[in-house]
Every structure is written in structure tokens, then in C-alpha cells.
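Visitor: Please take a close look with me at one part of this structure, namely the empty space inside and whatever surrounds it. I am in my first year, so please go slowly and connect each step to the next.

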Amino acid sequence: MSLTKAEKAIILSMWGKISTQADAIGTQALERLFASYPQTKTYFPHFDLRPGSAHLRTHGAKVAAALGDAVRSIDNIAGALSKLSEMHAYVLRVDPVNFKLLSHCLLVTVASHFPADFTADAHTAWDKFLSIVSCVLTEKYR
Amino acid sequence: MSFLSAEEKGLVNGLWGKVNVDEVGGEALGRLLVVYPWTQRFFQSFGDLSSADAIMSNSKVKAHGKKVLNSFSDGLKNIDDLKGAFAKLSELHCDKLHVDPENFRLLGNVLVCVLAHHFGHEFNPQVQAAFQKVVAGVASALAHRYH
């Protein structure tokens, strides 16, 4: 599964808007993840996960920054996220099923923030992009 | 023990009361076919599904989406016995339609995206969490009679 030219163009153009609120988007996606899928909290026993916490905001910003890196290197996402991929494989070892859950929550967050832009084509582009990012982050697991 | 807490029921019913079920049904089914094109395998008789625009404006897609979501809406009235409410439909989807239950999970999540799209900030994390329980429950109920 790879992005078409048109899909890359959609991602790049929407990221222009998303990046102005990237931290908030990343944070809200995590809030949605922990609310809908409480089992995901097991990876963060050391965090204060209450909505609005400093931990959530910092971590949300990190997630958003990584997505930004992937967008800026959209033709070489594996290269851009190589270090993060190693970290997930050898250190964090988040079960692969959870990437789908966070991807879904990111999609929901983008949909609720950008109604005019979240067309069916944009929905597809983002779903594919997040799917590729998830693949890259789990590709060194074994 | 109830499937949803009283608070979750309130959140779900509160939002669902504002949903145009016919329209949202068409939108959700359309997006399923666009975003996950392999799901088109069940709808070969629906005519032009060649592009996102074609799918989203296809009258058969809209009509079928309406049917599906009205059924979902009826199910919501029996939220504490979804398996009972969807028993007949479960058998139909297994024996006659041969639909992989994974598709129920996909459609459920597309519906959540459509609700987020329509309701924006009102579809907050707590409302979403309640709906995720509902769509998971409906998907599970529809798969329950598979054999």
C-alpha cells in the first residue's frame, strides 16, 4: 500500500493547517485513545493521564512532531522514522494492535477539527498515511 | 449489569437524537467503500463505484446506507440486549450474505469518523468512548450467530 500523488498532495496541504495546532491535535488523539481504549494506558504507568495534564500535552506534542517529520519526508517515511522504529521495536515494544487504535483516534481528531477538509478522499489519504507510519514503526519488531 | 452506564447511555442518546440517520447512513457506507475499496466486493450490482465522487453520490449506496443505519438505530433501542436484537440479522449476514465480521468493525469505525466529522468538538473523547462501545457491541452481536 503506497500513497498516490493526489493523496500526498492532500496530506501536505492539510498538514499546513494541522501544523498550526499540531500539539493540541496530538494531545487530543491521546485523550481519545485512553478514553476509548483504556487498555492502552498500561504503557504509561509513569504518566499522569488526566485530561489537561502536562504529561499528556508533552507526549501529544511528541506524537505530532513525529507525524510532521513523516509528512515532510513523505517519499521516505521509513527513513524519517528509522530511529523511532528502532525505539518501538527494542525499547517500547508496544503491541502492534495499538497502532491501529491510535491511528483511528488521530483520524477522529482530524475529522472533528477540519470538517471542510475531511472529504472521503482526504479520509482515505490519512487512513493510508497513518497505516504506513504504523507499518514503519513495527517493521523491526521481529 | 448494563452494557453502558447511565451516563454513557445519556451521551449516546443525546447525540443520536440529532443525527439524520438516513443521511449519515449513506455517508458512512459511502466512506466505507471509498476508504476500504475491497469492501466493494459485496456490492457488485450497485453500478458506478469508480471514484469517491461516484460512490458518494450513488443512489444505491445511499439507499442501502439508509437501511443499514436505520437497523443500527433500532438496535440502539435495545442497547442492553444487542445479541438478541441482532440475532436474525447475524444469521442473514452469515448464511446468505457471507460477510466477514471484520467488515462490521470497519463500518463501525467509519461511522465514528462520520459522527466526528459532523459534530466536531461536540463529539468529544467521552462521547467517542461511549460510541466505540456501542459499535463494538453491534459488531459483536452481528457476528454472534456465525458458524
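**Hollows and their walls**

Guide: A search of the whole structure finds two cavities of 30 Å³ or more, and since you are looking at a predicted model, what follows describes that model. The idea behind the search is simple: rolling a probe the size of a water molecule over the atoms shows where empty space is left.

Let us begin with the largest cavity, which has a volume of about 90 Å³. Its lining is made up of A:Trp15, A:Ile18, A:Ala22, A:Ile25, A:Gly26, A:Ala64, A:Leu67, A:Leu106, A:Leu107, A:Val110, A:Trp126 and A:Leu130. If you sort these lining residues by class, you find eleven nonpolar, one polar and no charged. Several helices take part in this wall, for α1, α2, α3, α6 and α7 (120-138) of chain A each supply at least two residues of the lining.

One of those helices, α2 of chain A, deserves a longer look. It runs over residues 22-36, and at 1.5 Å a residue its 15 residues should span 21 Å, which agrees with the 21 Å between its end C-alpha atoms. Eleven of the 15 residues of α2(A) are buried, so this helix is largely enclosed by the rest of the structure. The buried residues are A:Ala22, A:Ile25, A:Gly26, A:Thr27, A:Gln28, A:Ala29, A:Leu30, A:Arg32, A:Leu33, A:Phe34 and A:Ser36, and among them A:Ala22, A:Ile25 and A:Gly26 also belong to the lining of the largest cavity. As for their surroundings, the buried residues of α2(A) pack against α1 (5-18), α3 (54-72) and α6 (97-113) of chain A, together with α8 (125-143) of chain B.

A:Ser36 shows you how this helix meets the other chain. It is placed in helix α2 of chain A, and with a relative accessibility of 12% it counts as buried, because the cut-off for that word is under 20%. Once its neighbours within four places in sequence are left aside, A:Ser36 is in contact with B:Gln128, B:Ala129 and B:Gln132. A general point helps when you look along any such helix: an α-helix has 3.6 residues a turn, so residues three or four places apart point the same way.

From here we can move to the second largest cavity, where about 40 Å³ of space lies. B:Leu4, B:Lys9, B:Val12, B:Asn13, B:Leu76 and B:Ile79 line this space, and by class they are four nonpolar, one polar and one charged residues. Helix α1 of chain B, covering residues 6-16, gives the most to this lining, with three residues.

Two further residues of chain B are worth a pause, since they touch one another. B:Ser73 lies in helix α4 of chain B, which covers residues 59-76, and it is buried, with a relative accessible area of 13%. Not counting residues up to four places away in sequence, B:Ser73 touches B:Trp16 and B:Val21. B:Val21, in turn, is found in helix α2 of chain B and is buried with a relative accessible area of 14%. Apart from its neighbours within four places in sequence, B:Val21 is in contact with B:Trp16, B:Leu69, B:Asn70 and B:Ser73. By way of distance along and across the chain, the C-alpha atoms of B:Val21 and B:Ala52 are 31 residues apart in sequence and separated by 21 Å in space.

Besides the cavities there are pockets to consider, and the largest pocket has a volume of about 960 Å³. It is lined by 37 residues, of which A:Lys100, B:Tyr36, B:Glu102, B:Leu106 and B:Asn109 are the closest to its centre. Both chains contribute to this wall: α6 and α7 of chain A, together with α2 (21-35), α7 (102-119) and α8 of chain B, each supply at least two residues of the lining. The largest share, ten residues, comes from α7(A). By class, the lining of this pocket has 21 nonpolar, eleven polar and five charged residues.

Finally, you may wish to set these details within whole chains. An unreviewed UniProt entry annotates residues 2-142 of chain A as "domain: Globin", a span that is 70% helix and 0% strand, with end C-alpha atoms 22 Å apart. For chain B, UniProt places the feature "domain: Globin", also from an unreviewed entry, at residues 3-147, where the chain is 69% helix and 0% strand and the end C-alpha atoms are 24 Å apart.

Terms used:
Residues are numbered from 1 along each chain as its sequence is written. Chains are lettered from A and ligands numbered from 1 in the order in which they are written. This is a predicted model: local features need pLDDT of at least 70, side-chain atom pairs count only at pLDDT 80 or more; totals for chains, interfaces and linings use all residues. Side-chain values use heavy atoms; hydrogens and water are left out. Helices (H or I, at least four residues) and strands (E, at least two) are DSSP runs, numbered from the N terminus. The expected span of a helix is 1.5 Å times one less than its number of residues. Buried means under 20% relative accessible area, exposed over 50%, partly exposed in between (1.4 Å probe, protein chains only). Contact means heavy atoms within 4.5 Å. On a 1 Å grid over the protein atoms alone, a cavity is a set of points where a 1.4 Å probe fits but cannot get out, and a pocket is an open set with protein on both sides within 12 Å along at least five of seven lines; lining residues have an atom within 4 Å of a point. Grid points are joined across faces, edges and corners, and a volume is the space filled by probe spheres set on the points. Ala, Val, Leu, Ile, Met, Phe, Trp, Tyr, Cys and Pro count as nonpolar, Asp, Glu, Lys and Arg as charged, and the others, Gly among them, as polar. UniProt positions are given in the numbering used here, feature names are shortened, and annotations may be inferred rather than shown by experiment.
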